[in-house]
Every structure is written in C-alpha cells, then in structure tokens.
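Work through the exercises below with the sequence and the model side by side. Each task is followed by a solution that proceeds step by step.

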Amino acid sequence: MSALCPPPSPAVAKTEIALSGESPLLAATFAYWDNILGPRVRHIWAPKTDQQLLSDGEITFLANHTLNGEILRNAESGAIDVKFFVLSEKGVIIVSLIFDGNWNGDRSTYGLSIILPQSELGFYLPLHRVCVDRLTHIIRKGRIWMHKGQSIIPMLTGEVIPVMELLSSMKSHSVPEEIDISDTVLSDDDIGDSCHEGFLLKAISSHLQTCGCSVVIGSSAEKVNKIVRTLCLFLTSAEQKCSRLCRNETSFKYESGLFVQGLLKDGTGSFTLPFRQVMYAPYPTTHIDVDINTVKQMPPCHEHIYNQRRYMRSELTAFWRATSDEEMAQDTIIHTDESFTPDLSHIRTVGLLGFRMLNVFQDVLHQDTLVKAFLDQVFHLKPGLSLRRVFLAQFLLILHRKALTLIKYIEDDTMLGACGMQKCHQEALKKNRVSLAKQLVLKELMEHLIEKDVITEAMMEMIQGKSGSFSQNIEFLNLLPKRGPKAFSAFCEALQETKQQHLVEMLLSTIPSHSNGNARLNSGYEEKLPFPLSESEISQKRPRWQLAEPVEHSLDDGDGPHYPQVKLCTPEFYHEHEHMAYRMKSHPRGLALILSNVHFSSETDLEFRSGGNVDQTALEMLFRHLGYQVMVRHDQTAQEMHKELENFSKLPVHRDVDSCIVSLLSHGIEGGVYGVDGKLLQLQEIFRLFDNANCPRLQNKPKMFFIQACRGDETDRGVDQIDGNERADSPGCEESDANKKENPKLRLPTCSDMICGYACLRGTAAMRNTKRGSWYIEALTSVFAEDSRNTHVADMLVKVNGMIKHREGHAPGTEFHRCKEMSEYCSTLCQDLYLFPGINSVI
C-alpha cells in the first residue's frame, strides 16, 4: 500500500475486534458524502492483530474511493446498491453497499464497505450473497434508526462483528472442495453402521426438499461432521464452499445463509436457534439431531419466502414505531427438541400485528422413494472403491433430469394445457412482456384479481415481496399464465377497471383475428384499429394506442395516459372565420414530424425518459385527427435529427399543403435539444431550415413547433400566494423576465409565419409524469382536441399556459413534491391560425 495515503479524519472512530481465528477481512468502514469535504469515513471496524494489516489512513483512502462516484447517484427511494471494486494496484477488493438516508434532517449518501485482500477473492465470492443479504437488512433497520435521529453505528457494529466472525470461521472450518467419500456415511460397509437407516433416509430426503440447506447438531463433532460431509455430497461445488463443519472445542453460532453447517450442543446437551436468523435464511432449513436421530424441516420454499417477507415487514414496522432499544423485541429462541410455535404477543405491542407462524420445524412427512432406492442400491456396492462415488454422480444426474421433466410437465400439461390459459393469450402476454413489465401498475390491479379468484392473497404477498415495480411485474407475469383459462379475460377486465385500458388494446392487437373461440374477448372488448383512417371515422370511444415505456412512480396523482377525442369544426364557423385566417383546408392539412428521444446512450449522463413514448403517441394521434400526415422518428443522434429535419423541410409535398408541424421530444437546455448521443442540436439551426429562404415551399404558410424539453435544470418551487387560498389569475411568468440570459448564438429566428410552444421557461426544467407523459404535451393535446374547432392556435396555447400554471407535482419525499412549471410560446404569425378540424377541400 502507498505510504502517501491521506491521514484519517480526527472524527473517525475505530472498533477493534478480537477474533478466535484467522481473519480474511482487513477492515469494514462506514462512510458518508459531505457536501463540502466530499467522502468522509465515520467509523472503522478492524480485526485485532499483532501486526497492523492496514493503517487507518489507508483504510480511509480506500473507503473514500467507494463514494467518489456517487455524487450524481440517482436511485429509487430506498434502494441499496451493491458495488464490487477490485483495486489491483492496491491489492484489495472492496464490497460496498451504497444507500441514501436522513441523519438529523440532512439527507446524504452513505456507504457500508468491507475490505479484503485480493488474494482472498476466490474464498469470498461463494460467500458474497450471504454477507450482502445480512448487511442489507441491517441497513434497512439502520436507515429507520437514522431517520429517528439515532446513531446507526451501534446497530452496524452488531452485524459487522458477526460477519467478521463468520468469514473467520469459514476460513478455518469450511467444507473442503473435494470431499473424500471415506469421510462420509456412504463409506460404511452396510447401511446402519453409523446411523439408523430410517434416519439417514429422512435426513437426505429432507435435505433435498429444503433446497440443500441443513443444520446438523450433536454432542460429538466427529458424528456431526460426518453427516455434514455426507449432505454436502448432494451440493454443487459453490454450495459446498458455502457450508461449514463444526469445531471440536466450542460451537459456532448459527449463521443465516449457509447451506450446511454443523453445530455442537452445550454442556447440558441442548442447543437453541435464533428465530430471526432462521426466518431470514434464503431457503427453508432441515434440522438434524445426530444424538437422538431426529429430522425436522421448515415449510416448503414458497411458504418460507412468503412467511419471511411478512415477518420482515412486521419487524421493520415495529422498528419504525419503537422509540428506544428497550421497546424492540429480543430474538425469540427456537428449542430444537420440539416443534416451535413462536409467541409474538410481546411483539404485537410495538407493531408486529397479525403475524402468525405455526410449527417452524415440522416432522418430515414425505420420504423420497428415489433416495430410498439410491441408499438400497449404493450399499450393495463394495466399499473402498470408486463405484459408490460414480453411482452418486449418476443419481444426482437422474435427479436433475427428473426435476426438469417434472417442471416441463407442470408447465405444459397442467398449467398451460386444458386447465391453463389459451395458447393465443399466452403468446399475447409473451409478445408484450417487456412493455407490460415496464408499464403495469399492480397495486389496485391485484385486488381486483383477488376478487375475481385469479390470484390469492399469498400470491400477492409473494409478488409484493420483490424489490421494485419491474421485478414485481415480472413475477406477476410469470404467474398469470398458470392461473387458468379465465385468467386472461379477468386480467383485461381488471386493467380496464384500473384505468389501464391502453394495455388491453396493446394485448388485443397482438391476438390473431382467426383465433377460435373467444380468444379476442369479443364479448367484452370491441376490436379497434390503432388509428382512425380519417376524421370522419373517429368513433365515440377511441382506443388508446400501444405504449412502449415503463410506468414508474408518478410525479403527480395521474392514473394513466389520456388521449382525448378531437371535436370537429362546423361549416358555419369555418365560413365565418376563413377570410381572416391562414388557408387551412388541404387534405392532408400538412406534414407533421415527431422526433422522440427516449433511450439515451449509456456513455452520456442523460437519463431514460420514462413516459416519453406516451407523449409521442398522444401527439401522433392528435395530429392525425387534425388531418396531418404524421412521420415519427425514434432515438436519433443530433446529426440524425438534423438530417431528418433537413430532408423533411425539402419535401416537395409541402408545396401542395397548407401548413406543417415539427415536434421535438427530448432532453434539452436553453436554445437546444439533445440527441441520444448526448450532442446538442441548436434550435436556431432547426428554425433556419424552415425560414422563407431555405424552405420556399412553405412561404406564407404557418409552421408550428412544439418543444418538450428542459431549458435549464432549475426546478420551479413556486411561491405562496399572499392574498389567501384563491389561485392568482395573473399569467405567472413575469418573474422569469428578470432573469433573462440571452445567448446570441441560440436566439429565435425573426422569420415570419412561425409559432413555437415551449414546455417551460428559460432556465427551468420541464416536468414529466411517468404514467401520463409530460405535463405540457398532456395539456396541449387536451386543449387542441377540445378547442381547435373554434379557437386559433395562439389562444389555445394561452389556455395551455393556464393549465400548466395550476398544475402541481405530487411526489412526497422528493424534491419534485409541489413543484411547478410554466409553459410559454413565441409567435411570428401574421394572421389567426385556425386548424378547422374536419373541414376538407370540398367546402
């Protein structure tokens, strides 16, 4: 390590931990981001050794490294990011858990890290998930404690020390990579030499039924380890590295997350298990007592995960309500000589309401006939040769193939056959899987499906146990095809009832029209075209078009995209106003170009524009219904955008139509919009392409531009009105005039017959609802659909301004809660611009 590492801050506290064996861990650290000083280390945990492995300065330097790249962290609220650093030049690996939290009212980014020598990488990797899961849960609890203004350090110490002890014990007592079969029960001359035949059958059967997770206890380390090695023969190499033998002197503690572990009873011949640790194990556990030859097991995996999630939620709720350590329930103890029913009555007072768990460990009721046949046959082979090892490998291969066959049978013949969903419905879900995973809003939807007996409350709990909306939606989509032939129609009905009709349209559009029976749900859902072919064909109930982008946390309480129906102009109004307005009756009215950038290159700092495709769809439908021929281009670089606009401006068809529209949907700054490559396309250059010199075919014809992009990064926080609760009637944009920062290179053109609508004022950010699209485009489409029949464009944009002015962000706990936006427009129009929807050249 370099001797030039910075010295530690005087505020850094250090805890030295005495371990009984060799420690593969160099240190653990807790760091935070200081807005003035940058990354700072608050606490260090290090093993107590005669020779200092790392100086405090070196530890501080390494810990700071983990937070250096987190200044622009933009994660979901509550997210815990796991980062893995390999610093070859320093000879170390660092595993960091990065999270946000509030401490004494200040929100900051924190990092809990463990540091190991790079030479221990192979040792650590099999145990990575065990360590991360344990530290993740303590962070969940610690973040609650921080929010209450309490120090998180004691809580972290209570988990960091056991993790260090776990790694130390695994260093000395992990199961060897190559297990000698002579050290297992399978080397006995005859079954029953080491243990009773029925006991061995139950132990192996239950071990396989609980996903290879077992805890073996006894008074003799030799007997315990012999069973541990035997069970490990049925694990993969990586799972064996995550298993531990018991030691002769004193017992290790039970460790959640290990596959197989051996533990010694105390001097009284008893052993207890911590209830919380057993519940937090990733898989159910088999409990094996080699002294009395008993085998008990936890409920099956799906029940275990369901109970685990309920317990975790209840524990965190109780922790949130507690005001001191004394109010937190201590870990309940499971006595290993009886089935266990935890008494949670003392916990209910602080919030574990409604949680019940019966018989954590139960008798093994189903003994595997495959295992019995294997044991009967393997002991017929002569011991001492390699035949038993070969036979074991053959048995595991057969077991694997039978499991795959069973899964295939369940999927094909049981779930997806006569008792399952129709094939065409399965295909519709499959074809739209990504879009559904991104857009589904499950919370209310699942309540409807419970009411329709499609899913159960336990299934809903399982789905909600997944982290993040995308993972929950994937879990739901995996389950839905297995819920019977009526599941698809019930799902579509639930989508309608929860105002997600656009997803129904998306699904039905992918079901072949020739499918037999009621595949297209004709009784409940009419077949509709994506867009009407002309204004005269606009139906009373217009379909919602397919969306391709995710539904995330809404910036306000919007329910989903809204595509209003365009109201048509009457011939009488047209004849009264045509003489003082631009000519507007060609068919089509003109060409409309929409450039929509949603997915940006990972090499840029520009984020995915969630909800961006909602805007594109809304504008496309609006322009078509207004009589325009629409062209849409997706995710283009700045150069591609410029080329597309240039080609569009030179199209010969402009000579025969009355107007044109250009809409830009992307990230931006004042005077420009970004391509997906992060390069800027200046608005001045766009307007120049359509001026009277460069676009003669559109001379004296109105040219409309609508720009949904930020013009800065300032969020308009709004101000309180001083004259009561009534909203002000003033335009609300005078304040921005005092802060104009003109850029002569990016000024608006002075050419004629143009009108340009902007989503926001100079220097401010535009708001986008991830379910309904951007505020501006939603207001624009709503006003134009309702009022274009009898209002000219400039007045409609004033109405749009009014709608935007009265809108307010709803995102509690974020900087966007109660945020504001103000749109504006600039015009060089020389006449009134009426769109006259429904009026054609015959009139």
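**Exercise 1.** How many disulfides does the count come to by the distance rule?

Solution. This is a predicted model, in which local features need pLDDT of at least 70 and side-chain atom pairs count only at pLDDT 80 or more, while totals for chains, interfaces and linings use all residues. Residues are numbered from 1 along each chain as its sequence is written, and side-chain values use heavy atoms, with hydrogens and water left out. A disulfide is a covalent bond between the sulfur atoms of two cysteines. The rule asks for a pair of cysteine sulfur atoms within 2.5 Å, and by this rule the count is zero. For two of the cysteines, the next step is to look at burial, where buried means under 20% relative accessible area, exposed over 50%, and partly exposed in between, with a 1.4 Å probe and protein chains only. C232 is buried because its relative accessible area is 0%, and C569 counts as buried because its value is 7%.

**Exercise 2.** Describe the protein as a whole.

Solution. Begin with secondary structure, taken as DSSP runs numbered from the N terminus (helices are H or I, at least four residues; strands are E, at least two): the protein has 26 helices and 24 strands. Next, of its 843 residues, 51% count as buried. Finally, with contact meaning heavy atoms within 4.5 Å, consider contacts between residues at least 6 apart in sequence, of which 74% join residues at least 24 apart.

**Exercise 3.** Check the length of helix α9 (residues 301–321) and find what its buried residues pack against.

Solution. The expected span of a helix is 1.5 Å times one less than its number of residues. The 21 residues of α9 should therefore span 30 Å, and the end C-alpha atoms are 30 Å apart, in agreement. Its buried residues include H304, Y311, E315 and F319. As a last step, the buried residues of α9 are found to pack against α3 (128–147), α4 (153–173) and α8 (275–279).

**Exercise 4.** Where does the largest nonpolar core lie?

Solution. A nonpolar core is a set of buried Ala, Val, Leu, Ile, Met, Phe, Trp, Tyr and Cys residues joined through side-chain atoms within 4.5 Å. The largest has 97 residues, and those with the most contacts inside it are F30, W45, L186 and L375. Domain 1 (13–173) and domain 2 (181–304), with bounds from an automatic or database domain assignment, both give residues to this core, so it lies between them. Leaving aside neighbours within four places in sequence, F30 is in contact with residues including W45, F99, W103 and L156. A second, separate core of 52 residues includes L619, C710, A759 and A794.

**Exercise 5.** Examine the unusual backbone values at P588, D453 and F836.

Solution. Most residues other than glycine have a negative phi, and most peptide bonds are trans. H587 and P588 are joined by a cis peptide bond with omega about 5°, and P588 sits in the loop between α20 (571–577) and β14 (590–596). D453 has a positive phi near 60° and belongs to the loop between α15 (442–451) and α16 (457–464). F836, in the segment after β24 (824–827), has a positive phi of about 45°. On burial the two part ways: D453 is exposed because its relative accessible area is 67%, whereas F836 is buried because its value is 0%.
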